[in-house]
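Me: I've got a structure here and a pile of labels I don't fully get. Can you walk me through where they come from?

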Amino acid sequence: MAEQFEPRIVAFLCKWCSSAGSDLAGVSRMQYPPNVIPITVMCSGSVSPLYIFDAFNKGADGVLVSGCHPGDCHYIKGNYYARRRIAIVKKLLDFIGLEPERFQMSWVSAAEGKKYTQIISDFVEELKPLGPQTKLRRNI
Amino acid sequence: MDKILLKKALPQWVKKLQTYRIYAPAKDEDIWTYEAVNTPEDIDLEFLITALSPKKIIFPQREVYFEFNKDDNDNPDIKETIPEDEPTIVFGVRPCDAKALTLTDLVFGGDFEDVYYWKRRNQTILVGLACNTPPSTNCFCLSVEGSPHSKEGLDILLTDLGDKYYVESLTKNGVKLLNLAKNLFTPPKAGDKKDLQKIHAESEKKIKKQIKNLKKVPPKLKGMWDSSFWDEEAMSCLRCGICTYMCPTCHCFDINDEVHSHTPLTGKRIRTWDTCQFPDFTMHSSGHNPRPDKASRLRQRIMHKFQYFVERYQNYQCTGCGRCITNCPVGIDIIEVLDKVRDYGP
Amino acid sequence: MVNVEDLRKEAKRILKEGKVKYVIGYERGQNGLMPKPAFIKDPEDVDRLIWNPTCVHNLTKFLVDEKKRKAGEKKPDERPVGIVVKGCDSRAIIVLLQEKYINREDVHILGISCEQTGVIDEKKLANKLKGKKAENIELDEKGNFVISVQGGTIKVPAEELLAERCLECRANYPVVYDLLLGDKTKKKVEEPFKSLEKMESLSEKERWAFWTEQLAKCIRCYACRSVCPMCYCDECVVDTINFAVTADTTASEKAGKIKWVEKSPVPSENFVYHMVRAMHLAGRCIDCGECERVCPLDIPLRFLNKKLEKEAKELFGYDAGFDPDEPSLVSSFKDEDPEDFIR
């Protein structure tokens, strides 16, 4: 039997909420797929579109940007900026023909360990039928 | 060896050449490019001028020097990647572009021979097409010691005589290609030779652009290093790489290690085109840039082509194809610049 | 109708009075019909200035040049620069003002209205002429371009020759100016994003195939970046060496510089470059179409920017280049910004 495809997800998690949320999932021993490479950033608003393109370029099958719920940002409004920017990135990736499922954004608070595991499980399930991401992967 | 080939017999000839990889001009919307030929019927030599010259086949924009990786014991492992054996024919080479290759030959030859370049160069046969009418409004080959029916650098020169080509095979390789389809070629009649001479003579008259007294330019350039002339001329320059990347004679390159994976380490050392028009071309690691502005970069382009190269190789590094003029987004015209240089100062 | 004499008169006046350092405008190119940028310093040279439907260039890039040049001078001439702009170009000035890249007093704007037409597309013209050489091109009262060629004239309805962006133009006269020539009647454009429809109707697979084919052609001459007035970064992500390297930069800092894009012009790297550029122009691109015009390999780059222009308008009601006091697209937000895509 062929080995099942296990997608690799690069997740940019804000330090104050989503990263803490993923920690909570961990210390609470919640089970979720081990397909995520988490990268803690200070704020979802600090995720440059270049990081996202670069993650795909370096071979990510999916990219997740996750931050605090609106109103909860440690820096007051970073997640609002992120919301706008990510909306545009999503449209652009869609326009050039990348599968829209491959790029996601979520709000995960420090208390939402459960939600975090759910988001990752769903994401992994959605990516599996798509197979490896080769479109933007570096090929030199 | 001179022969005649009927135009309708061209695909049959190409079919006999199937052991070669064949490139010919193909139209992509508004531009012509050299593309690999899969079906001989597709060859269309009614083209004008290609966007990029056949330089891109002999000196591709990206050349892999070698692949590297580290084995389990951390020992480096290097694999040389010389271009494969792939005998190639390029159809529809304009005389200016063929001449340009004789100039890059000088650069990649000489004391140190560039193996990558020569591997491709030696296995490529160039089938030229004389320009009965100038393929671009900016042609000026006559001014730089070229001609619309120049044989320099070519293996075969075709001249369009209406429903047939006058075929001049100029090298051993050229003769070899003709011999692969002997029955298609007939000896020229007396009238054909006359037609050929007439067409060649007329084609020269049709070239409107010229630089008068170009030989005055190189000595003049010598005294113009510090001139404010360059600031004036470069005002409209955008610092893009079009003029040099499209140029059939420009040959500057950059070498980079492109890493695929850090653990385990794998990657390739790669040569890519580079251009004197980019600010990072001359950037020193100290942070000093000896050519800090666009004026000094325009000066470099002109001086390289019409002074340094002339001193070193006794040739202008320009074949008058006109691509830099046609494609410049702000209309910088090398003919105009050279005219001004010639008439500059006392 | 725009009378070029009025433009020359004003240029002469401001040069003579010493109000401006020089005037950036259009002059006849060496190379037949198409004009080239002109930099007029001497009031006696103003007759070189021209205006006609071939004046396609967006000259505002030279304001960026001027600023960079001034930064390198010990005692810069602080006088403004005169510049000839069309409607679209003036929107670029608005964005530069909005981003505080230039100040209003740095520039003396000679605005020209395109009235009910626009500028021609060089390639469309070449296809119409079929090898003939055009000597002059003018607009007649009925909205036709009259092209003078050797031994006669050719009449072509304006729409057939106008640049794509002019057919979707939303600023047919300058938004900001010190002098305006021509009529200030808004041109009616029913569908400002019509050119995108075909692309958007394609399937995801077809779109991917389209862009792969197009971007594979890219030779990374960076003409699209070089011509763009919004691409004024001192340091661009695609450059191999950091512009900001100084004598104080340490070796480890240099070695640590991230290489976002490899120099190999292969699709995967070209995609990163063009996507980053598109993102960087989101909410800033004013659709002057220069990137597409200058591309020597005819890559339809305008689509990328146009798409994001459309999304900015539809998602956030944002229009670049109309109001210098408005906060920019990505440095602002509204509570009601869409978030239906967020989990």
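Reply: Sure, let's take the labels one at a time; keep in mind that this is a predicted model.

Me: Why is the pair Lys58(A) and Asp54(A) called a salt bridge?

Reply: The rule wants a Lys or Arg side-chain nitrogen within 4 Å of a carboxyl oxygen of Asp or Glu. For Lys58(A) and Asp54(A) the N to O distance is 2.9 Å, so the pair passes.

Me: What makes Asp54(A) count as buried?

Reply: Buried means under 20% relative accessible area. Asp54(A) has 10%, so the label fits.

Me: And is its partner Lys58(A) buried, exposed or partly exposed?

Reply: Partly exposed: its relative accessible area is 47%, and the label exposed needs over 50%.

Me: How do you know that Glu17(C) and Lys19(C) form a salt bridge?

Reply: Their N to O distance is 3.8 Å, and the cut-off is 4 Å, so they qualify. Glu17(C) is partly exposed at 49%, and Lys19(C) is partly exposed too, at 40%.

Me: What makes Arg343(C) and Glu126(A) a salt bridge?

Reply: Their closest N and O atoms are 2.8 Å apart, which is within 4 Å, so the rule is met. This one joins chain C to chain A, and the count between those two chains is seven salt bridges.

Me: Which residues does the network with Lys313(C) join?

Reply: Lys313(C) pairs with Asp319(C) at 3.1 Å, N to O. Salt bridges that share partners join these two with others into one network, including Glu168(C), Arg170(C) and Asp287(C).

Note on methods
Residues numbered from 1 in each chain as written. Chains lettered and ligands numbered in written order. Predicted model: local features only at pLDDT ≥ 70, side-chain atom pairs only at ≥ 80, totals over all residues. Heavy atoms only, no water. Buried < 20%, exposed > 50% of the residue type's maximum accessible area, 1.4 Å probe, protein only.
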